[in-house]
Amino acid sequence: MQALSTVQPGEIYEIKWMFGIPEILDFLRLHHVQEGHRIQVIQKSAGGLIVGTDGIRLALSNDIADRIQV
């Protein structure tokens with residue numbers, strides 16, 4: 001497993017586990033970013049990344065992406 005913030009853009013990954021503030025985890029789960037789902041890393045930048053799943057695109061900071069293991 002590795003942190004989502006360290007993966008290569010363009011690849012598809014399955015989320016193994018996540019941890020963090022419950023409100024943020026609820027928001028992510030509401031947008032189909034949760035354990036067992038597959039997400040694609042669309043773009044990475046110095047401060048974060050853009051991921052896509054089920055037609056939804058989200059921008060995540062590296063702080064949040066560090067707490068998502070794939």
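Modeller: Two strands are said to pair when DSSP finds at least two bridges between them. Please keep in mind that what stands above is a predicted model.

Colleague: With that in hand, how many bridges join β1 to β3, and in which sense do these strands run?

Modeller: Three bridges join β1 to β3, and the two strands run antiparallel. For a position to look at, take isoleucine 12, which stands opposite glutamine 40 in β3.

Colleague: How do I go from single pairs to a whole sheet, and what is the order of the strands here?

Modeller: One follows the pairings from strand to strand. In this model four strands form an open sheet in the order β1-β3-β4-β5, with antiparallel pairing. The edge strands, each of which pairs on one side only, are β1 (12-14) and β5 (56-61). From one strand to the next the twist averages 35°.

Colleague: Which bridges and connections lie between β3 and β4?

Modeller: The pairing of β3 with β4 is antiparallel and extends over four bridges, and glutamine 43 stands opposite isoleucine 50 in β4. The two strands are joined by a hairpin through three residues.

Colleague: And how many bridges join β4 to β5?

Modeller: Six bridges join β4, residues 48-53, to β5, again in the antiparallel sense. You can trace this pairing at two positions, since glycine 48 stands opposite serine 61 and valine 51 stands opposite leucine 58. These strands also form a hairpin, with two residues between them.

Colleague: Aspartate 54 sits in that turn; what should I note about its phi, and is the residue buried or exposed?

Modeller: Backbone angles and accessibility are best read side by side. Aspartate 54, in the loop between β4 and β5, has a positive phi of about 50° although it is not a glycine. Its relative accessibility is 58%, so aspartate 54 counts as exposed, the cut-off being over 50%.

Colleague: Which value does phi take at histidine 32, and where does that residue lie?

Modeller: Phi of histidine 32 is near 65°, a positive value in a residue other than glycine, and histidine 32 is placed in the loop between α1 and β3. With a relative accessibility of 31%, histidine 32 counts as partly exposed.

Colleague: Turning to the interior, is β4 largely enclosed or open?

Modeller: For a strand, one asks how many of its residues are buried. Five of the six residues of β4 are buried, and therefore the strand is largely enclosed by the rest of the structure. Threonine 53, which lies in β4, is buried, with a relative accessible area of 6%.

Colleague: Threonine has a polar side chain, so what does the side chain of threonine 53 reach?

Modeller: The side chain of threonine 53 reaches the backbone oxygen of arginine 38 at 3.1 Å. Leaving aside neighbours within four places in sequence, threonine 53 is in contact with His31, His32, Val33, Arg38 and Ile39, a list that includes the histidine 32 we discussed.

Colleague: How many residues does the largest nonpolar core have, and which elements supply them?

Modeller: The largest nonpolar core has 17 residues, and those with the most contacts inside it are Leu4, Val51 and Ile68. At least two residues of this core come from each of α1 (22-30), β3 (38-44), β4 and β5. Setting aside neighbours within four places in sequence, the contacts of isoleucine 68 include Leu4, Ile15, Trp17, Met18, Leu28, Val33 and Leu60.

Colleague: Ile15 appears in that list; where is isoleucine 15 found, and is it buried or exposed?

Modeller: Isoleucine 15 is found in the loop between β1 and β2 (17-18), and at 1% relative accessibility it counts as buried. Distance in sequence and distance in space should be read separately, as isoleucine 15 and glutamate 35 are 20 residues apart in sequence and 4.9 Å apart in space, C-alpha to C-alpha. Beyond four places in sequence, the contacts of isoleucine 15 include Val33, Glu35, Ile39, Ile68 and Gln69.

Colleague: Gln69 is named there too; in which strand is its place, and what is its relative accessible area?

Modeller: Glutamine 69 has its place in strand β6, residues 68-69, and it is buried, with a relative accessible area of 13%. Apart from neighbours within four places in sequence, glutamine 69 is in contact with Met1, Gln2, Ala3, Glu14, Ile15, Lys16 and Trp17.

Definitions and conventions:
Residues numbered from 1 in each chain as written. Predicted model: local features only at pLDDT ≥ 70, side-chain atom pairs only at ≥ 80, totals over all residues. Heavy atoms only, no water. Axes fitted to C-alpha atoms, helices over the stretch in contact; angles between N-to-C directions. Buried < 20%, exposed > 50% of the residue type's maximum accessible area, 1.4 Å probe, protein only. Polar contact = N/O pair within 3.5 Å; in protein donor to acceptor, adjacent residues only side chain to side chain. Contact = heavy atoms within 4.5 Å. Core = buried A, V, L, I, M, F, W, Y, C linked by side-chain atoms within 4.5 Å.
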